[in-house]
Amino acid sequence: MDLATIIQILDSAMRLATPLLLACLAGLFSERAGIFDIGLEGKMLAAAFLSASVAFATNSAWLGLCAGMAASLILATIHGVASITFRGNQLISGVAINFLASGLTVVIGEAWFGLGGRTPALAGPARFQEIDLPFADALQGIPVLGPIYHDLLSGHSVLVYMGLAAVPLTWWILFRTRFGLRLRAVGENPAAVDTAGVSVVGLRFAAVMICGLLCGLAGAHLATALGAGFVKEMSAGRGFIALAALIFAKWRPWYALGACLLFGLLEALGNRYQNIDIAGIDVPTQFMQALPYILTVVILAGFVGKAIPPRAGGEPYVKER
Amino acid sequence: MTDTLPKWVDIALIPLVNVTLALIVSGIVVALIGENPFEALRILVNGAIGSAYGWGYTLYYMTNFVFTGLGVAVAFHARMFNIGGEGQAALGGLGVALCLLFIPWPHWSIALIAAIFGAALFGAAWAAIPAYLQAKRGSHIVITTIMFNFIASALMVYLLSRVLLVPGAGGSPETARFVEAVHLPNAATVLPFMGFPRSTPLNISFAVAILACFFVWWLIWRTRIGYEIRAFGHAAPAAIYAGIAPVRITMIAMLISGGLCGMMAINSVMGEAERLVIDPVQGAGFVGIAVALMGRSHPVGVALAALLFGMLYQGGAELEFEIPGISREMVIVIQALVILFTGALDNMVRGPLEKAFVARRKRPSKPEPTTPLEAGGHPERKQVEP
């Protein structure tokens, strides 16, 4: 395996990791505030569909992105109303949102375009184009570092860079701002936050909405940057892999970056090789696909570093009267 | 809080209101995509129960959903949310296939019993690891069962495309057909006077599903294990204080849950496909969640909810055929809304109803003698709480 191949695989891993990363950070905000969200998948799917539809209609990827975020925000609102306002079961609400997105995208897509749940293929300004970083061409000649800069770091869509930028931003918001401190507190001990005179409901809704925005970005990346249009069930379990990455990262932003890059790499390897020969043992591609889930179960089992979720996660907050 | 509502409101009125809301919202969706919701409903109901052919499919789907619904319901009784029905049922399919492919059974009846055991064993085994991790290591069962669904799907693709694949199956990953002797009798054979066409997949597994309903009722409300499961689900600390071992109950409840989900495969794999294909479950594991929620985890409710979803699945197929503007996925939308309204937004309906009933109860009653009329009696309470 030469350097060019390795860079190609890593390059594709970066692209594939971006939706995971955005969805993972989305889940991070929500779960840190004590709202479990297994509806990441559904929000991504809805965002992918609407961003592709609007991008096709307006021929603008940016308008598509806005529409995608709006779709994701609507589902996030449903999740918030169900799990915060009506104190319903957050997991059941997430399941419902996944099915809602899975069904509605096809029903509406079929009614609008009549292509069996697809949107028409996007081209030109309806997709996010690859951006060349400055001096990428000039530095290409430098051995090792040149190709890494030119092929691996440069030449991605703007959403990839937004995803990477979201990691330090999330870290800064959660660990260096008052809002972040309160948000984490509301996930650990909402009663204490309430006693301090800060609205638990408001904070949790804010977290759920941020989650919706980030899922919208992730979905738009799937349909208007990674792919060229929406395809039925195109999120293909990525919301759950993001959830797995979130647990793998133990609800921390920088670790989330690492986990998502790892899972992106696994996907890239799985796409490139049908089966991999490691030390004489034939590893089937299905094993590579299942590996993120297996790793997550192992982490959850606590045999390799225990993953402890936010303490108040999943429990509706009932104010004492 | 549930004490404030009469029982019939809790088990009948609220689910009914929830489902009605879900159907109204579904109707709005149909109207928004430019079709007539009442016409759609008519076609759906007619397609599902308007003919023996429709009934044959409706009851076939119902059979699947009864198994997975009961599975999810048993876990609900222990206050656990088993999202892994999909994977457990897929593994159940593997159990059925292994059982029928490699052992020469003389007659379908013996094979059916063996297949039930095979399906339940494999389904339970797939639930065992998440259950153990929940019981012993505190890993959240929802997350682990979701992960196990994906692992199961990868495992099944691997087994079907590399291990169990028959040469010359036309490229689609599937096992060889089961031998003629183990084909389950279908409705046309068992009930010739009912007029089910031979093409409908309804088969003897339907009877097994009904028996499973009785079994779950007996298990949950008539046995010691069932009592322990319910006690643990209602108040885990109290149950532990009373000497109920949490690890044991978690394991038992999840094993039964996984076993029931796995048993779905006798209907879809042994009864219908008569071979193991890729994804024999077709989402039934997830429908089980909606069914258990709607049926309030009671076998009777589960059976009725499964019938409703059976109608939706069969009627939905007819709907797509009759009105091409409405795609089959409309059924998934309805399913999602049922889960949303009966599961997550339950308090939206329950809250106002509770207020209404409390208000009615607080209304001053007619003057009554303050001393009890008879020893131990309490006229006021007797009157209000029948």
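Helices here are DSSP runs of H or I with at least four residues, and strands are runs of E with at least two. The model is predicted.

Take chain A and its residues 46–79. This span is 94% helix and 0% strand. Its end C-alpha atoms lie 14 Å apart. Now take residues 251–269 of chain A. Here the helix content is 89%, again with 0% strand. The end C-alpha atoms of this span lie 26 Å apart. Both spans appear in an unreviewed UniProt entry under "transmembrane region". That entry also lists residues 91–115, 158–175, 205–231 and 290–308 of chain A.

Step back to the whole of chain A. It holds 12 helices and 4 strands. Its radius of gyration is 20 Å, close to the 20 Å that the globule rule gives for 321 residues, so chain A is as compact as a globular protein of that length. Along the principal axes, its C-alpha trace spans about 70 × 50 × 40 Å.

Chain B offers a helix pair. Helix α1 of chain B covers residues 7–32, and helix α15 of chain B covers residues 346–362. They pack at an angle of about 125 degrees, with axes 10 Å apart. Angles of 65 to 115 degrees count as roughly perpendicular and those over 145 as roughly antiparallel; α1(B) and α15(B) are therefore oblique to each other. Their crossing is right-handed.

Which residues make the contact? From α1(B) come V9(B), I14(B), V17(B) and N18(B). From α15(B) come D346(B), V349(B), R350(B) and L353(B). By class, this contact has 5 nonpolar, 1 polar and 2 charged residues.

Note on methods:
Residues are numbered from 1 along each chain as its sequence is written. Chains are lettered from A and ligands numbered from 1 in the order in which they are written. This is a predicted model: local features need pLDDT of at least 70, side-chain atom pairs count only at pLDDT 80 or more; totals for chains, interfaces and linings use all residues. Axes are lines fitted to C-alpha atoms, for helices over the stretch in contact, and angles run from 0 to 180 degrees between N-to-C directions. Angles under 35 degrees count as roughly parallel, over 145 as roughly antiparallel, 65 to 115 as roughly perpendicular and the rest as oblique. A crossing is left-handed if the near helix is turned anticlockwise from the far one by less than a right angle, and right-handed if clockwise. Two residues are in contact if their C-beta atoms, placed from the backbone, lie within 7 Å. Ala, Val, Leu, Ile, Met, Phe, Trp, Tyr, Cys and Pro count as nonpolar, Asp, Glu, Lys and Arg as charged, and the others, Gly among them, as polar. UniProt positions are given in the numbering used here, feature names are shortened, and annotations may be inferred rather than shown by experiment. The radius of gyration is taken over C-alpha atoms; the globule rule is 2.2 Å times the number of residues to the power 0.38.
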